[in-house]
Amino acid sequence: MTNIDDQLIEGPTGAILRDLPSPYQSHPSGLLHLPRFIGKIRKHLKEGLPKSYQRNFTKGFDGFLCLHLGVEPSDIIECVRISNSEEELNSKLKELFPAELNCHVWNRKVVQMGMSDMALEKLEEIKSDLGAKNRPDLRSFADVIDYDEGRID
């Protein structure tokens with residue numbers, strides 16, 4: 001079994017997990033970010049979600065995804081908690097989620113979040129905190145997450 005300390009490094013914003021899925025990774029349902037949210041839930045349930053991740057847990061992308069689906073974060077957490085396999089989890093999520101997921105709407109939001117005039121200032125602030133102020137290739141919050149967790153050099 002992998003020790004959680006083996007998956008952590010310290011960065012400018014606190015502990016960084018290197019084993020969470022990218023926000024760009026899609027779930028079998030087609031929804032981006034859902035595998036990442038599920039990964040954070042699993043760590044949370046095992047009391048292994050670092051404080052640096054707890055502050056946005058069920059908020060940020062997690063909360064926006066739940067808002068998009070019309071479900072409470074606690075409902076997804078419960079599905080993960082009581083499921084004994086990926087198949088069972090996917091079945092429970094299918095029952096919980098609306099019939100029409102509108103993946104194209106949600107996925108576009110994930111890819112573009114941080115590009116609007118309102119969010120651009122916050123994106124630039126986060127890039128600066130990460131020492132990536134002069135990185136024009138980091139254009140969205142998902143890009144910044146991937147950079148922070150080492151998926152983008």
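Which residues of α1 are buried? I started my notebook with that one, keeping in mind that this is a predicted model.

**Entry: helix α1**

I went along α1 and found Leu34, Pro35, Arg36, Phe37, Ile38, Gly39, Lys40, Ile41 and Lys43 buried. That is nine of the twelve residues, so I noted α1 as largely enclosed by the rest of the structure. Next I looked up what does the covering, and the list includes β2, α2 (51-54), α3, α4, α5 and α8. I also checked the helix length: at 1.5 Å a residue, twelve residues should span 16 Å, and the end C-alpha atoms of α1 are 16 Å apart, which agrees. After α1 comes glutamate 47, and I wrote down its positive phi, near 55°.

**Entry: helix α3**

Here I listed the buried residues as Phe61, Asp62, Leu65, Cys66 and Leu69. Looking down the axis of α3, I saw them fall within an arc of 135°, so they line one face of the helix. Their cover includes α1, α4, α6 and α8. Following α3 is glycine 70, and its phi is positive too, near 75°.

I then picked out glycine 60, which is found in α3. Is glycine 60 buried, partly exposed or exposed? Its relative accessibility is 33%, and since buried means under 20% and exposed over 50%, glycine 60 counts as partly exposed. I also noted that its C-alpha atom is separated by 9.9 Å from that of phenylalanine 141, although the two residues are 81 apart along the chain.

**Entry: the nonpolar core**

Which members of the largest nonpolar core touch the most other members? I got Leu31, Ile76, Leu93 and Phe97, out of 37 residues. The elements giving two or more residues to this core are β2 (14-17), α1 (34-45), α3 (60-69), α4 (73-82), α5 (86-96), α6 (103-112), α7 (117-129) and α8 (141-148).

I followed up on phenylalanine 97. Leaving aside neighbours within four places in sequence, phenylalanine 97 is in contact with Leu31, Leu34, Leu69, Val71 and Ile76. Leu34 was already on my buried list for α1, and Leu69 on the one for α3.

**Entry: the largest pocket**

I finished with empty space. The largest pocket holds about 680 Å³. I counted 25 lining residues, and those nearest the centre are Ser52, Asn56, Ile126, Phe141 and Ile145. Two or more lining residues come from each of β2, α1, α2, α3, α7 and α8. Phe141 had already turned up in my notes, as the residue whose C-alpha atom I paired with that of glycine 60.

Key:
Residues are numbered from 1 along each chain as its sequence is written. This is a predicted model: local features need pLDDT of at least 70, side-chain atom pairs count only at pLDDT 80 or more; totals for chains, interfaces and linings use all residues. Side-chain values use heavy atoms; hydrogens and water are left out. A nonpolar core is a set of buried Ala, Val, Leu, Ile, Met, Phe, Trp, Tyr and Cys residues joined through side-chain atoms within 4.5 Å. Buried means under 20% relative accessible area, exposed over 50%, partly exposed in between (1.4 Å probe, protein chains only). Helices (H or I, at least four residues) and strands (E, at least two) are DSSP runs, numbered from the N terminus. Contact means heavy atoms within 4.5 Å. The arc is that of the directions from the helix axis to the C-beta atoms. The expected span of a helix is 1.5 Å times one less than its number of residues. On a 1 Å grid over the protein atoms alone, a cavity is a set of points where a 1.4 Å probe fits but cannot get out, and a pocket is an open set with protein on both sides within 12 Å along at least five of seven lines; lining residues have an atom within 4 Å of a point. Grid points are joined across faces, edges and corners, and a volume is the space filled by probe spheres set on the points.
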